[in-house]
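Me: I should like to learn how to read the features of a helical model, beginning with charged side chains. May we work through one structure together?

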Amino acid sequence: IFAALSSVITVVSGLIDASVIPHNHTIHEILEVHEHVGMAILIIASVLCVWIMLRISKMKKSENILFVLILWITMALAGYNNYLGGKMVYDNGAGIKPMQKTFLLEELEEHDHNE
């Protein structure tokens, strides 16, 4: 339940940040993957939340194993998404004020946020 709720907060705050921080084409490409993985985590965490609330007392061993496997996959996706976020910030300067000034001064390739 906590994972599903925190996923909602994380996705909403990420979408807000993505729309306001200046960034270049490289960051935008990473950002697109980061956004899609975040949405996948939100959906999977929500499904797992509903699943456990409806089935917790009725789960057989095989269903429980499947649930835990999907949970582990979701945690791996979260780790990968953390890596992407770090790559944007630490390798490319996303959200770092001195870098934002650089992005604003550079001629950037136009990119569409609706892709």
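Reply: Let us begin with one charged pair. D91 and K87 form a salt bridge, with their closest N and O atoms 3.7 Å apart. Please bear in mind that this is a predicted model.

Me: By what criterion is that pair accepted, and how far apart are the closest N and O atoms of D91 and K87?

Reply: A salt bridge requires a side-chain nitrogen of Lys or Arg within 4 Å of a carboxyl oxygen of Asp or Glu. For D91 and K87 the separation is 3.7 Å, and the pair is accepted as a salt bridge.

Me: Where do D91 and K87 lie with respect to each other in helix 3?

Reply: Both belong to helix 3, which spans residues 61-91, and because they are four residues apart there, about one helical turn separates them.

Me: Is D91 buried or exposed? And what is the relative accessible area of K87?

Reply: D91 counts as exposed, at 54% relative accessibility. K87 has a relative accessible area of 28% and is partly exposed.

Me: How many salt bridges does a search of the whole structure find?

Reply: The search finds two. Besides the pair in helix 3, the side chains of E63 and R55 meet in a salt bridge, at 2.6 Å from N to O.

Me: Is E63 buried or exposed?

Reply: The term buried applies under 20% relative accessible area. E63, with a value of 16%, is therefore buried. Its partner R55 is partly exposed, at 30%.

Me: Let us turn to the fold. What pattern does the chain follow along the sequence?

Reply: The pattern is α-α-α-α, and the chain has four helices and zero strands. Of its 115 residues, 29% are buried. Where contacts join residues at least 6 apart in sequence, 76% of them link residues at least 24 apart.

Me: How should I describe two helices that pack together?

Reply: Two packed helices are described by the angle between their axes and by the distance between those axes. Helix 1 (residues 2-20) and helix 2 (residues 25-55) pack at an angle of about 160°, and their axes are 8 Å apart. Angles over 145 degrees count as roughly antiparallel, and helix 1 and helix 2 are therefore roughly antiparallel to each other. Their crossing is left-handed.

Me: Which residues of helix 1 and helix 2 meet?

Reply: From helix 1, the residues are A3, A4, S7, V8, V11, L15 and A18; they meet L31, E35, G38, M39, I41, L42, A45, S46 and C49 of helix 2. Sorted by class, this contact comprises 12 nonpolar, three polar and one charged residues.

Me: At what angle do helix 2 and helix 3 pack?

Reply: Their angle is about 155°, with the axes 9 Å apart. That makes helix 2 roughly antiparallel to helix 3. Helix 2 passes helix 3 in a left-handed crossing, and their contact has 19 nonpolar, five polar and three charged residues.

Me: Can a pair of residues illustrate separation in sequence and in space? How far apart are T26 and M88 in each?

Reply: T26 and M88 are 62 residues apart in sequence, while their C-alpha atoms are 8.6 Å apart in space. T26 lies in helix 2 and counts as partly exposed, at 40% relative accessibility.

How values were computed
Residues are numbered from 1 along each chain as its sequence is written. This is a predicted model: local features need pLDDT of at least 70, side-chain atom pairs count only at pLDDT 80 or more; totals for chains, interfaces and linings use all residues. Side-chain values use heavy atoms; hydrogens and water are left out. Axes are lines fitted to C-alpha atoms, for helices over the stretch in contact, and angles run from 0 to 180 degrees between N-to-C directions. Helices (H or I, at least four residues) and strands (E, at least two) are DSSP runs, numbered from the N terminus. Angles under 35 degrees count as roughly parallel, over 145 as roughly antiparallel, 65 to 115 as roughly perpendicular and the rest as oblique. A crossing is left-handed if the near helix is turned anticlockwise from the far one by less than a right angle, and right-handed if clockwise. Contact means heavy atoms within 4.5 Å. Ala, Val, Leu, Ile, Met, Phe, Trp, Tyr, Cys and Pro count as nonpolar, Asp, Glu, Lys and Arg as charged, and the others, Gly among them, as polar. Buried means under 20% relative accessible area, exposed over 50%, partly exposed in between (1.4 Å probe, protein chains only).
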